[in-house]
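Dear colleague,

I am handing over the structure that follows, together with notes on what turned up in it. Please read the notes with the coordinates open beside them.

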Amino acid sequence: MTRTGRGGSHRSKKKRVVLALAPLAALGLAVPLMYSAGAATADEVAADCRTDSDKLENCEFVDVQNKVNSLGPNERVTSVTDNCGITSTATKTFSGTAAVTRVVQLGDGTVVDGGVKLGNSIFEIGGKFSSTEINLKRDDTTSSFSFTRSDTVKADHIAFFMWSHKRTDVSGFLRATYKEAQDGQTVFFSPNEGAATVHVFYPQLLASGAPDGRLWLRNVQCGTPQADGIINSEGSVRAEPGFGEGGANVTDVEIPLSEISQS
């Protein structure tokens with residue numbers, strides 16, 4: 001009888017343990033189910049906007065701040081003229097083309113073309129910042145001008161023309177509206193609402209419609225690391241220092257665009 005009593009008591013405790021664990025097990029099963037249809041991440045939103053995904057009802061660029069008259073990349077826009085080993089200056093003719101396009105840069109630095117949905121809002125935002133004083137290139141086509149002019153190359157120097165276009169930098173974030181709800185909602189952001197890490201660079205145009213910016217003649221002393229690097233990279237894209245930033249062996253002279261005969 002005593003042995004039977006212990007057995008009954010033991011079984012009773014075992015039942016209580018099983019009953020106590022049952023809700024925990026059920027909760028454990030519910031956790032993965034709750035997160036199985038998670039919300040779109042910031043990277044997924046950016047990718048869907050970039051590819052104009054069919055999953056989207058719309059994708060918009062939302063502006064947060066802007067900066068006018070910022071300067072774009074420093075570009076070499078003519079071939080290099082060589083006056084090395086010559087002890088006198090020389091007058092040389094330079095021909096080149098300066099071109100600009102609207103640039104959309106995501107938070108990770110990726111440059112995209114904007115797509116249809118995103119492109120529509122970018123075009124509209126550009127109109128918001130255009131004025132009689134500042135005319136912005138709002139679409140994704142290219143504006144350019146070509147020029148030919150004669151200038152002085154210093155003795156024992158190489159020379160070429162540099163260009164940096166003026167632009168309005170508008171920064172903000174992406175707002176994507178999905179056709180189907182994810183995790184109970186349809187609107188998501190990249191990188192997050194209120195951020196200012198997505199940039200749209202709108203080129204600024206002159207009244208003629210040609211790009212506005214800074215054009216300058218750069219002379220570089222032959223036999224220096226700067227000159228050797230330029231000569232070795234002729235015909236290829238190369239990062240160049242900005243106006244007045246080339247160092248002791250480099251001389252920069254800005255050429256007003258009003259003096260340029262454009263075509």
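Strand 9 (157-182) and strand 10 (residues 185-190) pair in the antiparallel sense over five bridges, where strands are DSSP runs of E with at least two residues, helices are runs of H or I with at least four residues, both numbered from the N terminus, and pairing requires that DSSP finds at least two bridges between two strands. R175 stands opposite F189 of strand 10, and the two strands form a hairpin with two residues between them, where D183 in the turn has a positive phi of about 55°.

This is a predicted model, in which local features need pLDDT of at least 70 and side-chain atom pairs count only at pLDDT 80 or more, whereas totals for chains, interfaces and linings use all residues. Residues are numbered from 1 along each chain as its sequence is written, and side-chain values use heavy atoms, with hydrogens and water left out.

Most residues other than glycine have a negative phi, and most peptide bonds are trans. Against that background, D52, in the loop between helix 2 and strand 1, has a positive phi near 55°, and D156, in the loop between strand 8 (142-153) and strand 9, likewise has a positive phi near 55°. A cis peptide bond with omega of about -5° joins S190 and P191, and P191 is placed in the loop between strand 10 and strand 11.

The largest nonpolar core (buried Ala, Val, Leu, Ile, Met, Phe, Trp, Tyr and Cys residues joined through side-chain atoms within 4.5 Å) has 24 residues, of which V45, C49, F61, I122, L174, Y178 and Y202 touch the most other members. Among the elements that each supply at least two residues of this core are helix 2 (42-50), strand 1 (56-71) and strand 9. A second, separate core of 16 residues includes A98, F147, A159 and A210.

The structure holds two disulfides, each defined as a pair of cysteine sulfur atoms within 2.5 Å. C49 and C59 form one, with sulfur atoms 2.0 Å apart, and the torsion about its S-S bond is about 100°, so this disulfide is right-handed. C49 is buried at 1% relative accessible area, as is C59 at 1%, where buried means under 20%, exposed over 50% and partly exposed in between (1.4 Å probe, protein chains only). C84 and C222 form a disulfide as well, their sulfur atoms 2.0 Å apart, and its torsion of about -85° makes it left-handed. C84 is partly exposed at 27%, whereas C222 is buried at 10%.

With best wishes
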